Structures are given as structure tokens and as C-alpha cells.
Amino acid sequence: MAKEYALRMGDGKRVHLTKEQIYEDVMAGSEDAADLADVPVLDSNDVDEIVEILMIPGRMVGVESGREVPVTHDIGTLRIDGDQGNSGVGIPSSRLIGMMMHERAFGADSMELGHIDYSFKPVKPVIAQEMQSMEVVQQNMIVPVVYGAMPNMGLYYRPDGPFDNPGDLMKAFKIKEAQQATEDAADHLTRDMVWIMQKMMKSGSDGVNFDTCGAAGDGDLYGTLRAVEALRKEFPEMYIETGMAGEMVLGLHGEIAYDGQVLAGLWPHQQAKLMAKAGSNIYGPAINTNTAQTSAWNLGRAVTFVKAAVEESPIPIHVNMGMGVGGIPMFETPTIDAVSHASKAMVEVAGVDGI
Amino acid sequence: MNAQAETLRKNLVDAIVECDIDKTKSNVEASRGILSPQEIIDALSEGMHEVGIKFERGKLFLPHVMVAANAMTSAVALIEGDLAESMTGGSRGHVVMGTVEGDVHDIGKSIVSTMLQCAGYDVNDVGRDVPTATFLEAVKEGNADVLGLSALMTTSMQTQKEVIETLIEKGMRKDVQVIVGGAPVTQAFSDKIGADGYSENASEAVKLVHRLLGN
């Protein structure tokens with residue numbers, strides 16, 4: 001009987017595969033990504049390398065010496081204090097203590113300050129508190145600290161915001177009205193994000209992390225790109241990281257364009273160029289995990305998307321690796337074997353600049 | 001089918017794929033008397049199928065799907081008089097759809113609702129942050145065939161289980177098929193809480209409902 005290796009399904013369940021099965025799944029995942037995004041499939045050396053990584057029996061693996069990359073944490077400030085309900089470990093502590101633990105104990109190379117709701121819009125009423133927190137954080141931290149939150153344009157639609165919900169309008173076949181609501185919401189989103197970051201930059205922030213861009217579709221990304229452009233103009237030296245919500249830009253507007261480029265349907269290698277054009281320093285692709293497929297399939301697919309983005313991106317790529325993204329299972333606290341094997345492949349095969 | 005009829009059939013398919021309402025309607029008019037009503041509907045359906053594939057592949061987007069669906073509805077209305085009652089495309093089933101209480105995420109659930117609507121289902125989208133009692137009421141009132149429960153957070157996915165348990169308590173579980181979805185939800189979780197189905201995305205959700213209702 002052929003030797004089997006312990007891998008994971010996309011939902012975290014254990015699965016045992018032979019080397020041949022792992023190879024077939026990595027190839028199939030790569031072909032799926034290549035077909036969707038019109039990018040090259042992984043060559044046989046890359047596939048062999050991923051297969052070898054997945055067959056390493058250790059629970060935790062690391063990159064080869066000399067190939068280390070910077071690691072940062074979105075919302076890491078809350079991971080210590082928050083309990084399992086907040087994807088954390090439930091140790092009572094402040095945001096500052098959470099950040100300092102990441103910096104001094106866990107080896108994080110940069111951090112962000114984020115608030116518990118983690119969307120930009122709700123920062124407005126508590127901006128003074130956030131500015132004060134940023135000042136205190138900057139006085140205590142050594143690594144770069146940016147302010148981070150999600151654009152989350154859904155908050156600008158009724159009942160949370162002033163504009164009609166495009167989902168409801170489309171169901172009534174009011175397509176033009178739905179598109180207009182998206183454009184109006186994007187204008188407000190840009191304005192709020194720029195205003196909040198002007199305040200945070202005054203308080204010593206090293207920059208901004210726009211996290212889960214495009215979560216509310218192409219309008220959400222449009223609003224964010226315009227905010228990036230405005231901030232870059234006003235603060236030429238600030239760090240701007242733009243990380244995505246998913247692998248492809250959802251077309252809820254369908255026709256909205258930035259710099260002449262229709263945003264709906266863009267894949268990571270196309271997103272990277274646009275992020276750079278707007279003024280981002282770092283782009284963070286997020287590749288969705290399919291829970292019904294093996295980690296070999298998901299990793300082959302994710303590495304294919306990200307490698308193509310790395311090759312075409314004019315700016316560094318810090319790939320999102322975590323719950324349900326980057327070939328890692330969709331699980332509240334993903335297992336260390338899945339996280340570390342996938343991360344090694346992203347660095348050594350896809351060639352990312354950071355995680 | 002002769003060459004002229006084949007060209008007309010192809011024009012109908014193309015008009016739907018191009019999401020062009022006026023073109024679809026004028027092609028239907030041009031086809032009447034040459035193609036049978038059934039052939040016209042088959043061509044329109046083929047176009048919608050292609051639109052669905054393009055949506056799945058990220059080549060067309062929700063507004064396009066809606067325009068195509070609108071084109072199909074308008075086109076069928078033109079030939080309604082020529083059709084037997086059984087062919088007018090009544091609802092394929094009644095679906096109640098919503099995001100569970102404590103979760104304000106709306107977009108993914110709305111995409112599924114819209115895609116089901118486009119696929120011919122009568123969808124009652126009861127919104128987001130929906131109390132369990134509202135789901136039960138909507139199922140009862142609409143005599144729903146399917147109840148769709150969305151949850152985007154690990155904290156709110158447990159409420160999907162609570163809704164199913166309440167359906168059991170009230171003796172309503174056998175009357176409705178329950179499907180679950182949302183980013184953190186998996187097939188394993190769906191099995192664990194006793195749902196009838198789970199899907200990864202909106203296109204799969206439509207196929208799931210087809211399968212559950214035998215459509």
C-alpha cells in the first residue's frame with residue numbers, strides 16, 4: 001500500500017493522501033486558478049516543491065534560513081484580549097499590551113492599531129479616543145504601527161447609512177438606481193476614510209492598512225482606491241497597505257472604473273497593478289479556500305494566483321494567510337500544520353515579500 | 001431546425017447573453033411564427049444558462065444577471081398568449097432567505113436571493129439580523145419550500161443551529177428544507193446542525209435548491 005500523508009480538507013478535517021494524489025490535487029488547483037484568471041499554471045518544479053512541502057511530516061514547518069519575510073498582524077491588537085468569540089485567546093489586556101506582546105514576544109515586524117468594530121465609519125464618533133491611543137502606542141512601540149480598519153461600504157446602505165440598498169434595488173430590477181447608490185456610497189466612504197486618516201496621521205501613525213477591500217463589491221474598492229490616491233498626495237511618505245477581501249473583485253455595480261479600468265472581475269495580478277497606481281506601498285491578495293477541496297488543491301490554486309501577482313506587481317506583496325484564505329482551512333483557529341505548510345509554500349514557491 | 005430558424009434561435013441566445021432587453025424583445029417578435037413558443041423559451045433559457053456560467057467565472061456580474069433576467073421575463077410576457085398555461089413559467093418554489101439575528105451582513109445573502117429569483121424562484125428576502133420568530137413566521141405564511149440562513153461570523157453561525165432547533169420544537173422542520181451558507185460555514189457544520197444543504201457560493205446555492213426541490 002502506498003504511503004499516505006496527513007493533510008487537511010478546506011474545512012479543517014484530516015485527510016490522508018498518497019504522493020500521487022497530492023500531486024494531482026496541486027495540479028488541479030493550479031489549473032483552476034489559471035483558467036479563471038488567465039494566468040500561467042505552475043510549472044512542474046513549483047508543483048514538486050509544493051508537494052514536498054505538504055509531505056513534510058512536522059506539525060510546524062518554517063522557511064529555509066535566509067528566506068524569512070516580514071510578518072504583520074491585522075487586528076492583532078485585539079487577538080490577546082478578545083476571547084474565542086472574537087477570534088482571540090481571552091487574556092484581559094489593553095490594545096497596547098496586545099501590540100507589545102506581538103512585537104516583543106511573537107516577532108511581529110509591523111503592527112496596526114484597530115478598534116473593536118474594525119470598520120472605518122464607526123471610528124468617526126470615537127476619533128479623539130483613537131488619536132490618543134495612537135499617540136500612546138507610538139510612544140511605546142518600536143516597529144512601524146499603522147492604523148487599520150475595513151472600508152466596509154455596506155455601512156453606507158440602509159438601514160445603517162443614507163443610501164438605498166443596491167441589493168434590494170436590483171431585486172426590483174432598478175439597476176441604474178442600484179449603481180447610483182453604489183457610487184454615492186463610494187463617495188462617502190472615500191471622504192470618511194481620508195478624514196479619519198488625516199486625524200490619525202496627525203497623531204503619529206506610520207500609515208494605514210485598508211483591510212478587506214472590496215468586501216462590498218467593486219464600489220467598495222473604488223472608494224478605497226480614491227482614498228489611497230488622496231492620501232498619497234497629501235502624505236507622500238506614509239505607508240499604505242491595501243489588502244483584499246477575496247480573490248476576485250465582486251461586481252455589484254458591474255461597470256464602475258478606476259483610472260479607466262473596470263474593477264469588477266479583476267484577479268490578483270490585475271489588482272496589484274491598480275493598487276500600485278493608486279499609491280499603495282503594499283498589496284495583500286486574499287485567495288478564498290474551497291472547503292470541499294483538500295489543502296493540496298487549495299494551496300496549488302492559491303500559489304498560482306499569488307505567484308502571478310508577485311510576478312506582475314510593481315509593489316511588495318504581503319499575502320493574507322489565515323482562516324479560510326491562502327490555502328488555509330476555513331476554521332476559527334486554523335491548525336498550525338495547515339498554516340505553517342501553506343505559509344512556507346507562499347514564501348518559497350509564490351515568492352511573496354511578506355505575510 | 002432549418003437555417004433561418006437556427007439563426008433566430010442563436011440570436012435569441014445571444015441577446016440574453018448580451019443582457020440586451022430591447023434586442024431580446026425584437027428577436028422574440030422576429031421569431032414568432034417561425035419558432036414555436038417552446039423553442040423560443042428554450043433559446044432564452046439557454047441564454048440564461050450561459051449568463052449563469054459567465055457569472056460563475058467572473059465574466060458577468062450581478063447587474064448583468066438582473067438585466068438578462070429582466071429581458072427574459074419581458075420576452076416571455078410577449079408570447080404569453082401563445083403559451084399553454086403550464087408553459088408560462090410559474091414559480092419553481094418558494095424560498096425564504098435571511099441573515100440570522102445578531103449578524104448585520106447583507107451582501108452575500110442578497111446575491112443568493114437575487115440569483116434564486118433569476119432562476120425562477122419566488123424569494124422572500126426577510127433581510128439581515130432577523131429574529132428566529134420572523135423566519136418561522138415567513139416560512140409559515142408563505143408555505144415556504146426552502147429556508148435559507150446566512151451567517152458571516154463565527155459568533156452568529158450558532159444561530160443557524162438555533163433556528164433549526166426552533167423549527168423542530170414548533171413541529172415545522174419536516175415542512176421546509178433548510179440551507180445554510182456564509183463565509184465561516186462549512187459542509188461539516190451544516191451536517192452537524194442538521195441542515196439539508198450547504199453551498200460554497202451563490203451559483204452553487206441555486207443548484208442546491210434545484211436539487212432539493214427536484215427541479
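Which side chain meets A:Arg95 in a salt bridge? The partner is A:Glu130, at 2.8 Å from N to O. This is a predicted model, and the report below covers its salt bridges, the contact between its chains and some of its helices and strands.

**Salt bridges within the chains**

A:Arg95 sits in helix 4 (residues 95–104) of chain A, and A:Glu130 sits in helix 5 (residues 127–140) of chain A. The pair therefore ties together parts that are 35 residues apart in sequence. Both A:Arg95 and A:Glu130 are buried.

A:Glu247 and A:Arg301 also meet through their side chains, with an N to O distance of 2.7 Å. A:Glu247 lies in the loop between strand 7 (239–244) and strand 8 (257–258) of chain A, whereas A:Arg301 belongs to helix 10 (residues 295–312) of chain A, so this salt bridge ties together parts that are 54 residues apart in sequence. A:Glu247 and A:Arg301 are both buried.

In chain B, B:Glu29 forms a salt bridge with B:Arg32. B:Glu29 is partly exposed, with a relative accessible area of 40%. B:Arg32 is partly exposed too, at 32%.

Over all chains, the count comes to 32 salt bridges. The table gives some of them.

| Residue 1 | Residue 2 | N to O distance |
|---|---|---|
| A:Arg95 | A:Glu130 | 2.8 Å |
| A:Glu247 | A:Arg301 | 2.7 Å |
| B:Glu29 | B:Arg32 | 3.6 Å |
| A:Asp160 | B:Arg128 | 3.0 Å |

**Where chain A meets chain B**

Chain A gives 33 residues to the contact, and chain B gives 28 residues. Together the two chains bury about 2400 Å². Carbon and sulfur atoms carry 59% of that area.

Polar links cross the contact as well. There are 8 residue pairs in polar contact between chain A and chain B, both residues being at pLDDT 80 or more. The salt bridges between the two chains number 3. One salt bridge between the chains joins A:Asp160 to B:Arg128, with the closest N and O atoms 3.0 Å apart. On the side of chain A that touches chain B, the elements giving two or more residues are helix 1 (19–37), helix 6 (166–171) and helix 7 (175–202) of chain A. Helix 6 of chain A supplies the largest share, 3 residues.

A network of salt bridges links residues of both chains: A:Asp168, A:Lys171, B:Asp106, B:Lys109 and B:Asp125.

**Strand 1 of chain B**

How many residues of strand 1 (residues 94–100) of chain B are buried? The count is 7 of the 7, so the strand is largely enclosed by the rest of the structure.

Strand 1 of chain B pairs with strand 2 (residues 122–130) of chain B in the parallel sense, over 6 bridges. B:Met97 has B:Asp125 as its bridge partner in strand 2 of chain B. B:Asp125 is also one of the residues in the salt-bridge network.

Strand 1 of chain B also runs parallel to strand 3 (residues 146–150) of chain B, joined by 5 bridges. There, B:Val96 has B:Leu147 as its bridge partner. With helix 5 (residues 107–118) of chain B between them in the unit's listing, strand 1 and strand 2 of chain B make a right-handed β-α-β unit.

**Two helices of chain A**

In helix 9 (residues 268–278) of chain A, 8 of the 11 residues are buried, so this helix is largely enclosed by the rest of the structure. Among the buried residues are A:His269, A:Leu274 and A:Met275. A:Gly279 follows helix 9 of chain A and has a positive phi, near 125 degrees.

A:Asp46 is found in helix 2 (residues 44–55) of chain A. A:Asp46 is buried, at a relative accessible area of 8%. Not counting residues up to four places away in sequence, A:Asp46 touches A:Lys307 and A:Val349.

How values were computed
Residues are numbered from 1 along each chain as its sequence is written. Chains are lettered from A and ligands numbered from 1 in the order in which they are written. This is a predicted model: local features need pLDDT of at least 70, side-chain atom pairs count only at pLDDT 80 or more; totals for chains, interfaces and linings use all residues. Side-chain values use heavy atoms; hydrogens and water are left out. Buried means under 20% relative accessible area, exposed over 50%, partly exposed in between (1.4 Å probe, protein chains only). Helices (H or I, at least four residues) and strands (E, at least two) are DSSP runs, numbered from the N terminus. Two strands pair if DSSP finds at least two bridges between them. A crossover is right-handed if, with the strands pointing away from the viewer, the path from the first strand over the helix to the second runs clockwise. Contact means heavy atoms within 4.5 Å. Buried area is the accessible area (1.4 Å probe) that two parts lose on being put together, summed over both. A salt bridge is a side-chain nitrogen of Lys or Arg within 4 Å of a carboxyl oxygen of Asp or Glu. A polar contact is a pair of N or O atoms within 3.5 Å; within protein, one must be able to donate a hydrogen and the other to accept it, and residues adjacent in sequence count only if both atoms are side-chain atoms.
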